[in-house]
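Welcome! Here are some exercises for practising how to read a protein structure step by step. Take a look at the sequence and the model, try each task yourself, and then follow the solution.

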Amino acid sequence: MRPFVYERPTSVSSAVDIATHADTGQSPPTAANTQFIAGGTNLADYMRLGVAQPERLIDLNTLVEPALRQIRIEDDAIRFGALVRMSEAADNGDVRRRCPLLAESLQFAASGQLRNMASLGGNVLQRTRCEYFRETSWPCNKREPGSGCAAMEGFNRQHAVLGTSDACIAAYHGDFAQALIALGATVDIEGQQGRRTLAFAKLHRRPGETPNIETDLAADELITAIEVPLAPWSSRSRYLKIRDRESYAFALASAAVALDMDGERVRSARIALGGVATVPWRASAAEDTLKGKVLDEAAARAAADVAFADAKPREHNAFKIPLGKRTLVRALLETRDMKG
Amino acid sequence: MSEAKIASGLSRRMFMTASVSAVAAMPLVNSSKSADQPTSAKPAGPRDLSAVSMRINKQPYNLALDNRTSLLDALRDHVGLTGTKKGCDHGQCGACTVLVDGKRVLSCLSFAIMNQGREITTVEGLVSTDGELHPVQQAFVDHDAFQCGYCTPGQIMSAIGCINEGHAGSEDDIREYMSGNLCRCAAYPNIVAAIVQARDEIRRA
């Protein structure tokens, strides 16, 4: 591991200052010499593997702003400070009651130990687990732009079928992000240029020709809060995650679903898909097909077909298309049967 | 390099020896350095050792560590507490589980320096002063909840966290909330039985 300088700022503004002055303005932030660290579960691993080689770490756990560690339940929104740990959000009774999808997406991610460590702000920024990204001896356009993609013709069973490009097919493996994009969350960001609020759907960037640019963030910018609006569909919501083993594994396919029902008919549906796409993936076209329909198995299947209409399989991951569809059908029907 | 002088005149090797003995509350090199030198001194470089104070099994420790040192390596190689095991060193197996401020975490993915001021509990800190095993330790013995034993300290620390969190309600809950601890001998049924026993005993206490 590359030696690094360690900094302990006490305020968000001082953390941003350090990142601003320490860095040479390199883009993207994942390649910057200075990195923020909170739980460290992703960054420490990637530093040990040589994938990340920062020369300066800014510890966010010494920041004193109380809001960073609070979960606030308001009439029309749930607001999470960025340093809230995954386990704290997953175990919060109000979160579970008001929006089961949020709690379940956290509860079925990682392990008890990792959930105690990982912050919500860091969780949504976790980087892909693509084996060719993790092992630095392979070519990888995300890790080393222009070097090629070993996954294209390699062992790509876990890779994405949606949102891929000729440069990268690495999957986004997070679960919480699927809940956030389905529910129309926003993130508060603070940086040298000031504060801004960004739709969660705009945080991650599809790989395109530049898979090394993963988010809309600048190197000096820090997520300070995540806000999830509460709406008629929040309480009738769930997260279904399908894995190679029952627990402690990344999703092969997952579905985040929230429904606003008018009797048997769908007033509004919110759908996101995990394990199958390069970024957190909102299935808007599938949502549209359900609007005003009676949600039976045929309608759910039609929506699932639409959701995967543009899927592009590689040699080993074609199974994700039928698996992803069945996962979504089951999630839709199980959510329908919940009490709203 | 191994004999390079560091601030107070101790050699690196002498310092490492002092660090390993980890005398409780003894101010070591870096803390005295920071006390003696004004803060306007040149900023720390990436290869400078950093002072870290934490309580480990109720004893205070002042260590001087490379910033890259994981909490796991600090415990094993600098403090001499080898009960905590290194399995994968990548947060995938749970063998390195310890409690930090009462919560179970993976010591391999935690930089030691980020644990400044924290209370660490390892498997060595569980036995009571009169030598009685912790209820979870005793339950692992009673149920033969291991074969090779390498994952056991991590399993025990994780089980304590799991019970304290209130996630050991049913056997299904135990399997779900203990899934971050792998046992390649597959002693899982016995581990679940041990946690059920320990949970009930802790509840009664």
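**Exercise 1. The parallel sheet of chain A**

In what order do the three strands of the open sheet with parallel pairing in chain A lie?

*Solution.* Keep in mind as you work that this is a predicted model.

Step 1. Begin with β1 (residues 5–7) of chain A, which pairs with β3 (residues 56–59) of chain A in the parallel sense over three bridges. Two pairs to look for are A:V5 with A:R56 and A:Y6 with A:L57.

Step 2. Next, take β2 (residues 34–37) of chain A, which is joined to β3(A) by four bridges and runs parallel to that strand. Here you can find A:I37 opposite A:D59.

Step 3. Put the pairs together: the order is β1-β3-β2, and the sheet is open. The edge strands are β1 and β2 of chain A, each pairing on one side only. From one strand to the next, the twist averages 25 degrees.

**Exercise 2. From strand to helix to strand**

Trace the chain from β2(A) to β3(A) and say which helix belongs to the β-α-β unit they make.

*Solution.* Step 1. Leave β2(A) and follow the chain to helix α2 (residues 43–48) of chain A, then go on to β3(A).

Step 2. Now look at the handedness: the unit made by β2(A), α2(A) and β3(A) is right-handed.

**Exercise 3. The antiparallel sheet of chain A**

Work out the order of the five strands in the open sheet of chain A with antiparallel pairing.

*Solution.* Step 1. Start from β4 (71–73) of chain A, an edge strand. Three bridges join β4(A) to β5 (residues 77–81) of chain A, and the two run antiparallel. In this pair, A:I71 stands opposite A:F80.

Step 2. Go to the other edge strand, β7 (194–199) of chain A. β7(A) pairs with β6(A) in the antiparallel sense over six bridges, and a hairpin through two residues joins β6(A) to β7(A).

Step 3. β6(A) also has β8(A) as a partner: five bridges join them, and they run antiparallel. A:E190 shows both pairings nicely, as A:E190 stands opposite A:R195 in β7(A) and opposite A:L222 in β8(A).

Step 4. The full order reads β4-β5-β8-β6-β7. Direction ignored, neighbouring strands of this sheet are turned by 20 degrees against each other on average.

Step 5. Finally, add a helix to your picture. Helix α1 (residues 12–22) of chain A lies across β6 (186–191) and β8 (222–229) of chain A, and α1(A) runs at about 130 degrees to β8(A).

**Exercise 4. Domains**

Into which domains is chain A divided, and which domains does the assignment give for chain B?

*Solution.* Step 1. Chain A has domain 1 (5–62) and domain 2 (238–336). Taken over C-alpha atoms, the centres of these two domains are 36 Å apart.

Step 2. For chain B, the assignment gives domain 1 (12–35 + 48–125) and domain 2 (135–204). Their contact takes 14 residues from domain 1 of chain B and 13 residues from domain 2 of chain B.

Step 3. On the domain 1 side of this contact, β3 (97–100) and β4 of chain B are the elements that give two or more residues. β3(B) gives the most, with three residues. By class, that side has six nonpolar, five polar and three charged residues.

**Exercise 5. Two crossing helices in chain B**

Describe how α4 (residues 135–142) and α7 (residues 188–204) of chain B meet.

*Solution.* Step 1. Compare the axes: they come within 8 Å and cross at roughly 145 degrees. The crossing of α4(B) and α7(B) is right-handed.

Step 2. List the residues that meet. From α4(B) come B:P135, B:V136, B:A139, B:F140 and B:D142, and from α7(B) come B:A194, B:Q197, B:A198, B:E201 and B:I202.

Step 3. Sort this helix contact by class: seven residues are nonpolar, one is polar and two are charged.

**Exercise 6. Where the chains touch**

How many residues does each chain bring to the contact between chain A and chain B?

*Solution.* Step 1. Chain B brings 29 residues and chain A brings 21 residues.

Step 2. On the chain B side, β4 (103–106), α5 (152–165) and α6 (171–177) each supply at least two residues. The largest share, four residues, comes from β4(B).

Step 3. Sorted by class, the chain B side has ten nonpolar, 13 polar and six charged residues.

Terms used. Residues numbered from 1 in each chain as written. Chains lettered and ligands numbered in written order. Predicted model: local features only at pLDDT ≥ 70, side-chain atom pairs only at ≥ 80, totals over all residues. Contact = placed C-beta atoms within 7 Å. Nonpolar A, V, L, I, M, F, W, Y, C, P; charged D, E, K, R; others polar. Domains from an automatic or database assignment. Pairing = 2+ DSSP bridges. Right-handed = clockwise from strand over helix to strand, strands pointing away. Axes fitted to C-alpha atoms, helices over the stretch in contact; angles between N-to-C directions. Left-handed = near helix turned anticlockwise from the far one by under 90°.
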